[in-house]
Amino acid sequence: MVPRSTFSEGAGRRTARPGVVLALGTVMCVSFLSCRHQEAESPSSGSADGKWNRSAAEIEYRFAQIEMQLAQKASPYLVLDLNRGQLLLKLKGTIVWNYPMEFAATDKQEVRKFAERFRDDGKSLARPIIGKHLFAAKDKTPDSILAIVGKVVRVAPELLQRELPEHFLLSWGDGLVLEIHTDITGAPPISKFQNAMAEVRKALQRPFGGVSLVIKVDLEKALTLYRATRQGMPTLVIPPT
Amino acid sequence: MRRLVIIILALIVLIGTALVIGVLTTTEDYSPQEMAVVSDSVLTPLPQDQKAALKELKRVETALAKLIPRGLYIVIDTHANRLSLRTRDSVILYANCSTGSGGEFVDSTTGRKWIFNTPRGVFKVNSKLAEPWWRKPDWAYLEEGEKPPKDERERYDPEMMGDYAIDFGDGYFIHGTIYERLLGVSVTHGCVRLGSEDLEKLNKQVKIGTPIYIF
């Protein structure tokens with residue numbers, strides 16, 4: 001029997017096709033034209049009403065340049081869009097994961113404070129994540145099942161395990177913290193003492209202007225956020241208007 | 001007695017101070033270089049002239065907008081083992097999938113090594129295959145403790161890959177599976193497995209060139 005179509009994992013080779021190149025060229029032309037159309041509609045730096053806000057334009061320009069630089073990198077970056085209330089993971093400038101951030105009305109001042117402190121008068125529009133702490137988590141799949149699966153696929157069960165986070169935090173230095181909570185009840189993965197230290201650290205930053213935002217995230221989304229974020233991951237904050 | 005109390009108190013204060021300093025500096029002691037995600041040296045100042053400044057601003061914003069696919073794109077979340085087909089505004093398909101286990105296999109006789117990861121980054125649909133046959137690579141035999149066959153025809157398996165395979169380069173595919181119960185768990189050798197219904201829907205919607213974002 002002759003196979004109609006065959007392939008082997010890890011043995012292929014990418015080939016350039018003229019048709020694809022032509023199609024991509026067409027898409028780029030169309031997107032360029034539609035971008036031009038969109039530009040005309042979007043107000044930028046107060047120019048729509050005839051007033052020129054130079055400092056706003058400079059920040060906007062720096063921000064766009066930074067995002068352009070991040071989009072050149074091979075790994076994702078995090079965007080806290082405090083204006084639209086969205087938490088985003090972007091890869092090459094495209095949204096690959098998003099979740100709405102809902103803050104209590106009383107937190108609005110805190111949100112503004114967070115954005116101001118993060119941007120530090122426009123000096124740091126982007127910062128890397130410098131800390132991640134998991135307070136409590138629960139295993140996604142029972143170990144007994146993973147032991148069977150691991151045996152079949154010849155992989156150590158611990159490689160297959162995913163921790164569903166109950167509560168974790170991301171920090172960017174200067175007392176800037178985002179706490180993420182889910183609905184499940186888990187157990188401390190390391191020790192209660194380390195959790196206590198993380199809480200103390202947060203509390204000690206508060207008198208020095210530290211700001212801690214708290215959000216609730218769906219379990220599955222939290223799993224991605226927890227696993228995808230890492231120390232050093234670039235983060236952009238879009239301030240609330 | 002009084003002296004002892006003073007010494008103990010002094011020790012407590014000393015330890016407390018050390019603890020506070022330690023706690024405050026554990027994760028906050030980063031140099032400006034480490035804090036800079038993008039070096040200021042790569043950023044250019046906005047032109048002084050207003051017209052030129054607006055033009056430059058628009059140029060960068062347009063370049064950013066161009067990065068976002070206009071039509072459909074696939075996103076594969078290897079962390080949660082979820083595949084979505086989406087546009088910039090909406091999600092059309094959201095499905096359980098299985099991605100690479102991250103496991104390693106070393107052939108004890110030759111020392112050849114394989115790491116079973118799903119590649120991450122941006123790819124595109126290179127080709128679409130209906131009723132694909134799997135050409136079993138060497139590791140598939142070696143894992144079973146068997147020798148790879150000399151006759152090429154013995155390598156082909158018509159069942160393993162389901163009804164469709166979407167090629168995204170370097171021998172990696174989105175395809176079906178006979179192990180649908182394992183969807184949601186990272187068990188593959190690098191390819192992305194989907195359930196048969198979701199695979200059919202995905203195959204219908206995507207075209208050659210559809211971008212695939214894997215993170």
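## A walk through chains A and B

Start by selecting chain A: buried residues make up 33% of its 241 residues. Keep in mind as you look around that this is a predicted model, with an ipTM of 0.82 and a pTM of 0.80.

Colour chain A by secondary structure, and you should find 7 helices and 10 strands. Now think about its contacts between residues at least 6 apart in sequence: 69% of them join residues at least 24 apart.

**First stop: the five-stranded sheet of chain A**

Select strands 4, 3, 2, 10 and 5 of chain A, in that order, and you have an open sheet with mixed pairing. Its edges are strand 4 and strand 5, the latter covering residues 126-128, and each of these pairs on one side only. Going from one strand to the next, the twist averages 25°.

Zoom in on one end of this sheet, where strand 3 and strand 4 of chain A pair in the antiparallel sense over 6 bridges. Show A:Lys90 and look across to strand 4, where A:Ile95 stands opposite.

Stay here and select A:Lys92, which sits in the loop linking strand 3 (86-91) to strand 4 (94-100) of chain A. Its backbone deserves a look: A:Lys92 has a positive phi of about 55°, although it is not a glycine. Is A:Lys92 buried or exposed? With 20 other C-beta atoms within 10 Å, A:Lys92 is buried, because the cut-off for that label is 20 or more.

**Second stop: the four-stranded sheet of chain A**

Next, select strands 6, 7, 8 and 9 of chain A, which form another open sheet in the order 6-7-8-9, again with mixed pairing. Strand 6 (131-139) and strand 9 (211-216) are the edge strands, each pairing on one side only. Here the twist averages 15° from one strand to the next.

Which way does strand 6 of chain A run against strand 7? The two pair in the antiparallel sense, over 8 bridges, with strand 7 spanning residues 163-171. To see one of the matched positions, label A:Gly131 and its bridge partner in strand 7, A:Ser171.

**Third stop: strand 13 of chain B**

Move over to chain B, whose pLDDT averages 89, with 89% of the residues scoring at least 70. Select strand 13, residues 211-214, and add strand 1, residues 73-77: the two run parallel and are joined by 3 bridges. Then add strand 6 of chain B, residues 121-124, which pairs with strand 13 in the antiparallel sense over 4 bridges. Both arrangements fit a general pattern: strands of a sheet pair through backbone hydrogen bonds, either parallel or antiparallel.

Centre the view on B:Tyr213 in strand 13. From strand 1, B:Val75 stands opposite B:Tyr213; from strand 6, B:Val122 stands opposite B:Tyr213 as well.

**Last stop: a loop in chain B**

Finish at B:Asp170, in the loop between strand 10 (164-167) and strand 11 (173-175) of chain B. B:Asp170 is not a glycine, yet it has a positive phi of about 55°. How many other C-beta atoms lie within 10 Å of B:Asp170? There are 15, so B:Asp170 is partly exposed. For a final view, show B:Asp170 in its loop and then return to A:Lys92 in the loop between strand 3 and strand 4 of chain A: the first is partly exposed, whereas the second is buried.

Key. Residues numbered from 1 in each chain as written. Chains lettered and ligands numbered in written order. Predicted model: local features only at pLDDT ≥ 70, side-chain atom pairs only at ≥ 80, totals over all residues. Pairing = 2+ DSSP bridges. Axes fitted to C-alpha atoms, helices over the stretch in contact; angles between N-to-C directions. Buried ≥ 20, exposed ≤ 12 C-beta atoms within 10 Å, placed from the backbone. Contact = placed C-beta atoms within 7 Å. pLDDT = per-residue confidence, 0-100.
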